[in-house]
Amino acid sequence: MKLLYTHENPILVGNAKNIVENSGIEVIMKNEYVSGGIGELSPHDTWPELWVANDADYERAEKLLQKAFNQENTKEWRCTHCGELNDASFDFCWKCQSGRM
Ligand SMILES: [Zn+2]
């Protein structure tokens, strides 16, 4: 069993779980319901964790996640107002300040 992904935001970990599970890879969530106990544990210890049940699936699962998250977070977008190409991290066009569509 290998740790595939962990994040402080349980929604992101849940998304990752769905992506990997939809490809037929068996995964296990840990710390999914831990919310109390902060103070005794370091905050990082309470992050939800996504584990791959079979080590043989790990590489495939990792690639799936990389692909999925890249599509969401690192895609450039073209401004509908001025046509400028903007970096994925911008919410507003750097050239004309129009909002991202
Ligand atoms: Zn623009």
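Colleague: In sequence, how are the donor residues of the zinc ion spaced?

Modeller: Happy to start there. Donors here are N, O and S atoms within 2.8 Å of the metal (3.2 Å for Na, K and Ca), and water is not among the atoms, so sites may look incomplete. The donor residues of the zinc ion follow the spacing C-x2-C-x10-C-x2-C.

Colleague: Before we go on, what kind of model is this?

Modeller: Residues are numbered from 1 along each chain as its sequence is written, and side-chain values use heavy atoms, with hydrogens and water left out. Local features need pLDDT of at least 70, side-chain atom pairs count only at pLDDT 80 or more, and totals for chains, interfaces and linings use all residues, as this is a predicted model.

Colleague: Thanks! Which arrangement do the four donor atoms around the zinc ion make?

Modeller: The protein donors are the SG atoms of Cys79, Cys82, Cys93 and Cys96, lying 2.3 Å from the zinc ion. Four donors count as tetrahedral if all angles lie between 85 and 135 degrees. The angles subtended here are 106 to 114 degrees, so the arrangement is tetrahedral.

Colleague: Is Cys82 buried, partly exposed or exposed?

Modeller: Buried means under 20% relative accessible area, exposed over 50%, and partly exposed in between (1.4 Å probe, protein chains only). Cys79, at 4% relative accessibility, counts as buried. Cys82 has 33% relative accessibility, so this residue counts as partly exposed.

Colleague: Now Asn86: which residue's backbone nitrogen does the side chain of Asn86 reach?

Modeller: Asn86 is found in strand 5 (residues 85–86); strands (E, at least two residues) and helices (H or I, at least four) are DSSP runs, numbered from the N terminus. Asn86 is buried, with a relative accessible area of 0%. Among the residues that Asn86 touches (heavy atoms within 4.5 Å), not counting residues up to four places away in sequence, are Phe92, Cys93 and Trp94. At 2.9 Å, the backbone nitrogen reached by the Asn86 side chain is that of Trp94.

Colleague: And Ser98, is that residue buried or exposed?

Modeller: Ser98 lies in the segment after strand 5. Leaving out residues up to four places away in sequence, Ser98 touches Trp77, Cys79, His81, Asp91, Phe92 and Cys93. Its relative accessible area is 18%, so Ser98 is buried.

Colleague: Which element gives the largest share of the largest nonpolar core?

Modeller: A nonpolar core is a set of buried Ala, Val, Leu, Ile, Met, Phe, Trp, Tyr and Cys residues joined through side-chain atoms within 4.5 Å. Of the 14 residues in the largest one, Leu4, Tyr5, Val20, Leu50 and Leu65 touch the most other members. Strand 1 (2–6), helix 1 (10–21), strand 2 (27–30), strand 3 (49–52) and helix 2 (58–73) each give two or more residues. The largest share, four residues, comes from helix 2.

Colleague: How far apart are the closest N and O atoms of Glu21 and Lys17?

Modeller: A salt bridge is a side-chain nitrogen of Lys or Arg within 4 Å of a carboxyl oxygen of Asp or Glu, and the count comes to two. Glu21 and Lys17 are four residues apart in helix 1, so about one helical turn separates them. Their salt bridge has its closest N and O atoms apart by 3.5 Å.

Colleague: Which residue forms a salt bridge with Glu84?

Modeller: The closest N and O atoms are 3.4 Å apart in the bridge between Glu84 and Lys95. Glu84 lies in the loop between strand 4 (77–78) and strand 5, and its partner in the segment after strand 5, so the pair ties together parts eleven residues apart in sequence. Glu84 is partly exposed at 22% relative accessibility, and its partner is Lys95.

Key:
Polar contact = N/O pair within 3.5 Å; in protein donor to acceptor, adjacent residues only side chain to side chain. Tetrahedral: all angles 85-135°; square planar, octahedral: opposite > 155°, others 65-115°.
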